[in-house]
Amino acid sequence: MDYKATAQQTAQEVLAYSQDTSGWKLVKSTKKITVSTKASKRFLGNLYRVEGIIPESTAKLSDFLFQPGKRITWDKSLKAYNMIHKIDSDTFICHTITQSFAMGSISPRDFIDLMHIKHFEGNMDIISCKSVDFPGYSPTSDYIRGYNHPCGYVCSPLKENPAYSKLVLFVQTEMRGKLLPSIIEKTMPSNLINFVLNAKDGIKILKAPSGCRRLTSPSSFQKKK
């Protein structure tokens, strides 16, 4: 597989999602974060759009979301997040293991994802994500292997205050297993809002004086034995 070409194509797909303004249905709104949805064209599930304002510049927000060593320190939905192959400074492959959620009714999943950051005019950054196959990381009996169809974050300066950023997430995750679609539809919006809130908290802690920080960063590169 040409991982670089796939990464660039995924970024363009996420850009197209961000430019698509029709057919979205608002399903949840709280704490100035909105979640909208529409039918995915990739699988029999939903494409979610999440929007919120982050009190950080776009460059710093993009770095915060993209760097693998930082993710596990603030994203409470994850058990593990490890870079397993670096392609270049803008592209890598990671192995992710999620926590269980929906009060344990959805068991942990693992994913092998191709991550890529692309810079656009107007100081807009897109961090794209798409599941791929990678040698040595076949599915195991330990976790159900999920699949992320083209997903990503779109980070751009807030027009009213460029020191802040508008963050838009696009998520279309195929959980697989024997889950009823109704369980996913009921729990996904709250989980996506929690992701944005966790990111805000993580940025706040990283911006605090060093003596006040409580988060530590584990190794971002771990080879599977």
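**Close-up views of a predicted model**

The structure, a predicted model, holds 0 disulfides. The legends below take you through its cysteines, its nonpolar cores and one histidine.

**View 1. Cys-151 and Cys-155 without a disulfide partner.** Start with Cys-151, whose closest cysteine sulfur belongs to Cys-129, 5.3 Å away. A disulfide needs two cysteine sulfur atoms within 2.5 Å, so that separation is too far for a bond. For Cys-155 the closest cysteine sulfur is again in Cys-129, but here the distance is 14 Å, also too far for a bond. Both residues are tucked away from the surface: Cys-151 is buried with a relative accessible area of 5%, and Cys-155 is buried at 0%.

**View 2. The largest nonpolar core and its 37 residues.** Look here for Leu-65, Met-115, Tyr-153 and Leu-167, the residues with the most contacts inside the core. Helix α4 (residues 181-207) supplies the largest share, 8 residues. Apart from this core lies another, of 12 residues, which include Met-124, Val-154, Val-168 and Phe-170.

**View 3. The surroundings of Leu-167.** Beyond its neighbours within four places in sequence, Leu-167 is in contact with Val-50, Glu-51, Gly-52, Ile-54, Leu-61 and Leu-65. Tyr-153, Val-154 and Cys-155 complete the list of contacts.

**View 4. His-116 in strand β6.** Strand β6 spans residues 109-120, and within it His-116 is buried, with a relative accessible area of 4%. Its side chain makes a polar contact of 2.9 Å with the side chain of Thr-91. Not counting residues up to four places away in sequence, His-116 also touches others, among them Lys-4, Gln-8, Phe-66, Asp-90 and Ser-128.

Definitions and conventions
Residues are numbered from 1 along each chain as its sequence is written. This is a predicted model: local features need pLDDT of at least 70, side-chain atom pairs count only at pLDDT 80 or more; totals for chains, interfaces and linings use all residues. Side-chain values use heavy atoms; hydrogens and water are left out. Helices (H or I, at least four residues) and strands (E, at least two) are DSSP runs, numbered from the N terminus. Buried means under 20% relative accessible area, exposed over 50%, partly exposed in between (1.4 Å probe, protein chains only). A polar contact is a pair of N or O atoms within 3.5 Å; within protein, one must be able to donate a hydrogen and the other to accept it, and residues adjacent in sequence count only if both atoms are side-chain atoms. Contact means heavy atoms within 4.5 Å. A nonpolar core is a set of buried Ala, Val, Leu, Ile, Met, Phe, Trp, Tyr and Cys residues joined through side-chain atoms within 4.5 Å.
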